Amino acid sequence: MTAPAIEDLLRELTPQVLGALVRRHGQFEGCEDAVQEAVLAATVQWPAEGVPDNPRGWLGTVASRRLIDQMRSDHARRERESATAVEVAPEDVPDTDDTLDLLFLCCHPTLTPASQTALTLRAVGGLTTAEIARAFLVPEATMAARISRAKQRIKAAGSSFSPPDDAEREERLRVVLHVLYLIFNEGYTASSGNELHRADLAHEAIRLTRMVHARLPEDGEVTGLLALMLLTHARRKARTTAAGDLVPLDEQDRTKWDRGLIDEGTALVKAALAGPTLGPYQLQAAIAATHDDAATAAATDWRQVHALYLVLERIAPNPMVTLNRAIALAETEDPPAGLALLSTLDGDERMAGHHRLLSVRAHLLEKAGDTAGAYEHYRRAARSTASVAERRYLESRASRVRT
Amino acid sequence: MKFLISMHINPAVLDALTDEEKAAIGDGHGRFIEALKKSGELILTQALVDPSQAAVVSVRNGQPVVTDGPFLESKEYLGGFYLIDCENKARAIELAARIPDTAIEGLGVEVRQVMFADGQLEA
């Protein structure tokens, strides 16, 4: 087996082994350290000595031994009676898959989204703290402190490894999906620093979502989220120029889109929409699929896009959805209709001074022929964004309408 | 999200403080740094030497021109900063409010989001 193949295998097995260990022993933090050590040992030994016949059993055994050593030395240090040291047959890693329960634990509601994200990447994704720190452009010490704080919180919340009950499960799954979506977005909207590492985050989010999908193939929203990621990721090569400048959807070279990902995503979204429940990820995926389906920007089925946004607005009202519907409405009716819809967002505090509201208004004003208004709004949007690439793009639009 | 919390100091205001007040500011920053480190929100903090030690550099006709002293003619100068990574702007403001300087008239604490970052962070 090649080194990258071993790495893939390890990252697939890590959450399963960790999940099993935590279920047996509680104490997430100790188990996590033990599994990291076992994975490290495997990284060194397997390429040289070959992958064992039962790699998961091997990891479980090594991790259990480390954990028990650690518990024993803790005991000795605290001078407790050694007789109570836990005796567990280390070979016994049960053959059930605990990956999902581990995800639920990492996305524990007492944690902030930033901590949920970091812990998920570390415990379920099997990334090292240094890799996560690089991806989020913070020092390793900062990320290490954040992860350790998250583990303490889980401990304080009294969470051993009791999986959520059925009533809570649905709610917790939504949190898990949101965390996966955040990881994907972090990689997708690479706004600064080393974009390569951030693109890796998008890959990682897709890998983890595939993992959840494999375990919950019937859940429409899991399928929808996976489809949305694939359909969005399919356009990555067309999204920026070689110089790193943003290319808007209607100007992208569609031959650069990844047909394989589009086909897979489209099949997934069709399957999800045929299911009994409709959710926001499925609808967003359906919108992405509609765009990806058009051979040219002019061929876009805006009626369908607008209809999908209408449904989305009804089941998950959110000013961002209304904003996007305004773009579709400007296409199906005319730019003034889109602008009229936009003006309904003016009193919304969540959108006050938001660069997206300003840039969409600029775009619709430009289409309506109001050059001065478009110029003014592109300029204001450029000043409001926190992304260098976006600011550059908006400034270039501003100069374009002026000439 | 990354934010720079910059501290604008007024040397005259600082000079007018008692030794106890100065010590309290130092202790407050010390506690603030410890808390930020524990929560995993601190990237870096640095304090700058007195503005009288500054030099302003410009290049005219290809020749560097160096003038001693600060660039801005002002009573307040940049005294130092915290570079943090936290959940959102509300959290950044909540953190900034714990900086002792915020309680002193004449000292300014400003919060701004970072837009671009590069370089070695393990300073």
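**Entry 1: chain A as a whole**

I began with the two domains of chain A and found that the C-alpha centres of domain 1 and domain 2 lie 53 Å apart. The domain assignment, whose bounds come from an automatic or database source, gives 4-84 for domain 1 and 318-403 for domain 2. I note that this is a predicted model, in which local features need pLDDT of at least 70 and side-chain atom pairs count only at pLDDT 80 or more, while totals for chains, interfaces and linings use all residues. Residues are numbered from 1 along each chain as its sequence is written, and chains are lettered from A and ligands numbered from 1 in the order in which they are written.

I looked up the secondary structure and found 19 helices and zero strands in chain A, where helices (H or I, at least four residues) and strands (E, at least two) are DSSP runs numbered from the N terminus. The C-alpha atoms of chain A fill a box of roughly 85 × 45 × 45 Å along the principal axes. Of its 403 residues, 41% count as buried, a word that I use when 20 or more other C-beta atoms, placed from the backbone, lie within 10 Å of a residue's own (exposed is 12 or fewer, partly exposed in between).

**Entry 2: helix 5 of chain A**

Why do I call helix 5 of chain A largely enclosed by the rest of the structure? Eleven of its twelve residues are buried, so the description follows; among them are A:A114, A:L119 and A:V124. I also checked the span of helix 5 (residues 113-124): at 1.5 Å a residue (times one less than the number of residues), it should be 16 Å, and the end C-alpha atoms are 15 Å apart, which agrees. Just after helix 5, A:G126 takes a positive phi of about 70°.

**Entry 3: chain B**

I then turned to the open sheet of four strands in chain B, which has the order 2-5-1-6 with antiparallel pairing; two strands pair if DSSP finds at least two bridges between them. Strand 2 and strand 6 (108-113) of chain B stand at the edges with a single partner strand each, so one side of each is left without a neighbour in the sheet. Strand 1 (residues 2-9) of chain B pairs with strand 6 of chain B over six bridges in the antiparallel sense, and I found that B:M7 has B:V109 as its bridge partner in strand 6.

**Entry 4: where the chains meet**

Last, I looked up the contacts (C-beta atoms, placed from the backbone, within 7 Å) and found 15 residues of chain B in contact with 16 residues of chain A. Helix 2 of chain B gives the most to the side of chain B that touches chain A, with three residues.

Technical notes. Contact = placed C-beta atoms within 7 Å.
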